[in-house]
Amino acid sequence: MTKRQRAKLNREEPEDYLQLPMDTGKKKSLTEEEEQLRKSEVARRRKNQSIQRAEKDKADTINRLLKKQASKAKRAIEDTEETVQKKQPNPKQLNYVHNLNGSRLSIPPAYTIEQVFNNIKRPEPLPTKTCQVEGCSNHRKYTAKKSGKSVCSLEHYKLVEASQ
Ligand SMILES: [Zn+2]
């Protein structure tokens, strides 16, 4: 087979295809259909692109917000650390922090929780905290066994118990 023969053989099929669209009317309507298809395809692609763009915008916005939030949280943590550091020189200073993460009260080792909360509440001295002997306002030292009254001294203890 010569080169030319092979080329001719290869050309045979395309030649057959070229002969197909002979009917011009049919060809035109097909082209219109194709044109419509092409148009709707273009429209579809354009719509997809705008959706993609909108989604990208959305993602960008979310990322931006997340970054902002992260840096805000980081700043809050830094602020807290700064506050703690500033207040650390005084070992008897309570540290109260109120931020996005909530409230936090740091109690220095110099105090117990009970001490702190008793101090905050500042309870009125209850009657039982002082001697219950009439005319005596000394601090309670004992609780009388029989009466359950508060007394300041053994002397008043005996007085209270004797009157029972
Ligand atoms: Zn007393």
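## Close-ups of a predicted model

**View 1. Cys131 and its contacts.** Setting aside neighbours within four places in sequence, Cys131 touches Cys136, Ser137, Asn138, Arg140, Ser150, Val151, Cys152 and His156. Keep in mind that this is a predicted model. Cys131 also belongs to the largest nonpolar core, a set of five residues completed by Val133, Val151, Tyr157 and Val160. So Val151 turns up twice here, as a contact of Cys131 and as a member of that core. As a rule of thumb, nonpolar side chains in soluble globular proteins tend to be buried together.

**View 2. The two sides of helix α4.** Helix α4 covers residues 154–162, and its buried residues are His156, Tyr157 and Val160. Those buried residues fit within an arc of 110° when you look down the axis of α4, so they line one face of the helix. In general, an α-helix has 3.6 residues a turn, so residues three or four places apart point the same way. Flip to the other side of α4 and you find Leu154, Glu155, Lys158 and Ala162, which are exposed. The cover over the buried residues of α4 includes two strands, β3 (142–143) and β4 (150–151). Two of the buried residues, Tyr157 and Val160, are in the largest nonpolar core, while His156 is in contact with Cys131.

**View 3. The β1–β2 hairpin.** Here strand β1 (residues 95–99) runs antiparallel to strand β2 (residues 102–106), and the two pair over five bridges. Two residues sit between the strands of this hairpin. Asn95 has Ser106 of β2 as its bridge partner, and His98 stands opposite Ser103 in β2. There isn't much covering β2: of its five residues, zero are buried.

**View 4. Gln93, in the loop before the hairpin.** Gln93 is found in the loop that links α2 (24–87) to β1. Gln93 counts as exposed because just 12 other C-beta atoms lie within 10 Å, and the cut-off for exposed is 12 or fewer. Pro108 is 15 residues away from Gln93 in sequence, yet their C-alpha atoms are 6.7 Å apart.

**View 5. The whole chain, for orientation.** Zooming out, the protein has four helices and four strands, in the order α-α-β-β-α-β-β-α from the N terminus. Of the 164 residues, 5% are buried. Taking contacts between residues at least 6 apart in sequence, 8% link residues at least 24 apart. Mean pLDDT for the protein is 78, with 70% of residues scoring at least 70. Element by element, α4 has the highest mean pLDDT, at 93, and helix α1 (residues 3–19) the lowest, at 61.

Definitions and conventions:
Residues numbered from 1 in each chain as written. Predicted model: local features only at pLDDT ≥ 70, side-chain atom pairs only at ≥ 80, totals over all residues. Buried ≥ 20, exposed ≤ 12 C-beta atoms within 10 Å, placed from the backbone. Contact = placed C-beta atoms within 7 Å. Core = buried A, V, L, I, M, F, W, Y, C linked by C-beta atoms within 7 Å. Arc of directions from axis to C-beta. Pairing = 2+ DSSP bridges. pLDDT = per-residue confidence, 0-100.
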